[in-house]
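This report describes a single protein chain from its overall fold down to selected residues. The sequence and the structure are shown first.

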Amino acid sequence: MAEALELTAAIVNAIDKKRGMNIEVLHTTDVTTLADYFVMATAASTTQLRTLSDATEEAAEKLGETPYSVEGERESGWRVLDFSTVIVHLFLPEQREFYSLERLWQDAEQVDITSFLAKPEDA
């Protein structure tokens with residue numbers, strides 16, 4: 001079983017490799033018992049939303065993790081994958097703006113994801 005930060009890094013890397021946009025990670029341990037980290041990213045289309053979701057699941061599986069639940073359909077413009085310690089929120093731009101999770105969870109610490117992002121040689 002992967003550590004929460006290791007899982008978060010792998011998921012962010014996978015989303016970045018698939019050109020997910022506006023990737024943000026919040027460290028939520030001190031503000032909720034739901035998860036240690038929230039990962040949020042935006043997709044440009046419903047097709048990319050599905051691609052990001054699939055990439056997230058594949059990255060987690062490599063670490064021996066599977067989601068406890070998956071909610072939303074790509075046609076709805078959002079998808080949530082719950083890995084218990086990490087919850088991944090994938091949105092189309094309109095849904096991301098509507099749900100505004102960054103504002104809702106503004107008391108959570110924002111994580112610097114620079115070291116998680118895909119390297120040019122990984123692409």
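The sections below treat the basis of the model, its overall form, its nonpolar cores, its salt bridges and a few individual positions.

## Basis of the description

The model is predicted, so that local features are given only where pLDDT is at least 70 and side-chain atom pairs count only at pLDDT 80 or more, whereas totals for chains, interfaces and linings use all residues. Residues are numbered from 1 along each chain as its sequence is written, and side-chain values use heavy atoms, with hydrogens and water left out.

## Overall form

The protein chain contains four helices and six strands, where helices (H or I, at least four residues) and strands (E, at least two) are DSSP runs numbered from the N terminus. Read from the N terminus, these elements follow the order α-β-β-α-β-β-β-α-α-β.

The radius of gyration, taken over C-alpha atoms, is 13 Å, which agrees with the value near 14 Å that a compact globule of 123 residues would have; the globule rule used here is 2.2 Å times the number of residues to the power 0.38. Along the principal axes, the C-alpha atoms fill a box of roughly 35 × 35 × 25 Å. The accessible surface comes to about 6800 Å², and 48% of it belongs to carbon and sulfur atoms; such areas come from the Shrake-Rupley method with a 1.4 Å probe, and for residues only the protein chains shown count as cover.

Of the 123 residues, 46% are buried, a term that means under 20% relative accessible area, with exposed meaning over 50% and partly exposed in between (1.4 Å probe, protein chains only). Among contacts (heavy atoms within 4.5 Å) with a separation of 6 or more, 63% join residues that are 24 or more positions apart.

## Nonpolar cores

A nonpolar core is a set of buried Ala, Val, Leu, Ile, Met, Phe, Trp, Tyr and Cys residues joined through side-chain atoms within 4.5 Å. The largest such core has 25 residues, of which I11, I15, V39, F83, V86, V88 and L90 touch the most other members. At least two residues of this core come from each of α1 (4–17), β1, β2, α2 and β5 (86–91), and the largest share, six residues, is supplied by α1. A second, separate core of 10 residues includes F38, M40, F91 and A108.

V39 illustrates how the elements meet: once residues up to four places away in sequence are set aside, V39 touches T8, I11, V12, I15, E24, V25, V86, I87, V88 and H89.

## Salt bridges

With a salt bridge taken as a side-chain nitrogen of Lys or Arg within 4 Å of a carboxyl oxygen of Asp or Glu, the count comes to three. E24 and R96 form one of these, at 3.3 Å from N to O; this pair links distant parts of the chain, with E24 in strand β1 (residues 21–27) and R96 in helix α3 (residues 93–99), 72 residues apart. R96 also forms a salt bridge with E102, the closest N and O atoms being 2.4 Å apart, and E24, R96 and E102 are thereby linked in a network. R96 counts as buried at 9% relative accessibility, whereas E102, at 23%, counts as partly exposed.

The side chains of R50 and D54 meet in a further salt bridge, at 3.6 Å from N to O. Both residues lie in helix α2 (residues 46–62), four residues apart, which is about one turn of the helix. R50 is partly exposed at 34% relative accessible area, and D54 is likewise partly exposed at 32%.

## Individual positions

T28, in the loop between β1 and β2 (37–42), is buried at 0% relative accessibility. Apart from its neighbours within four places in sequence, T28 is in contact with A35, D36, Y37, F38 and A108. A4, in helix α1, is buried at 12%, and its C-alpha lies 5.6 Å from that of T85, although the two are 81 residues apart in sequence. With residues up to four places away not counted, A4 touches D36, Y37, T85 and V86.

Most residues other than glycine have a negative phi. R19, however, has a positive phi near 65°; R19 is placed in the loop between α1 and β1 and is exposed at 58%. S100, which is not a glycine either, has a positive phi of about 40°; S100 lies in the loop between α3 and α4 (101–104) and is buried, with a relative accessible area of 18%.
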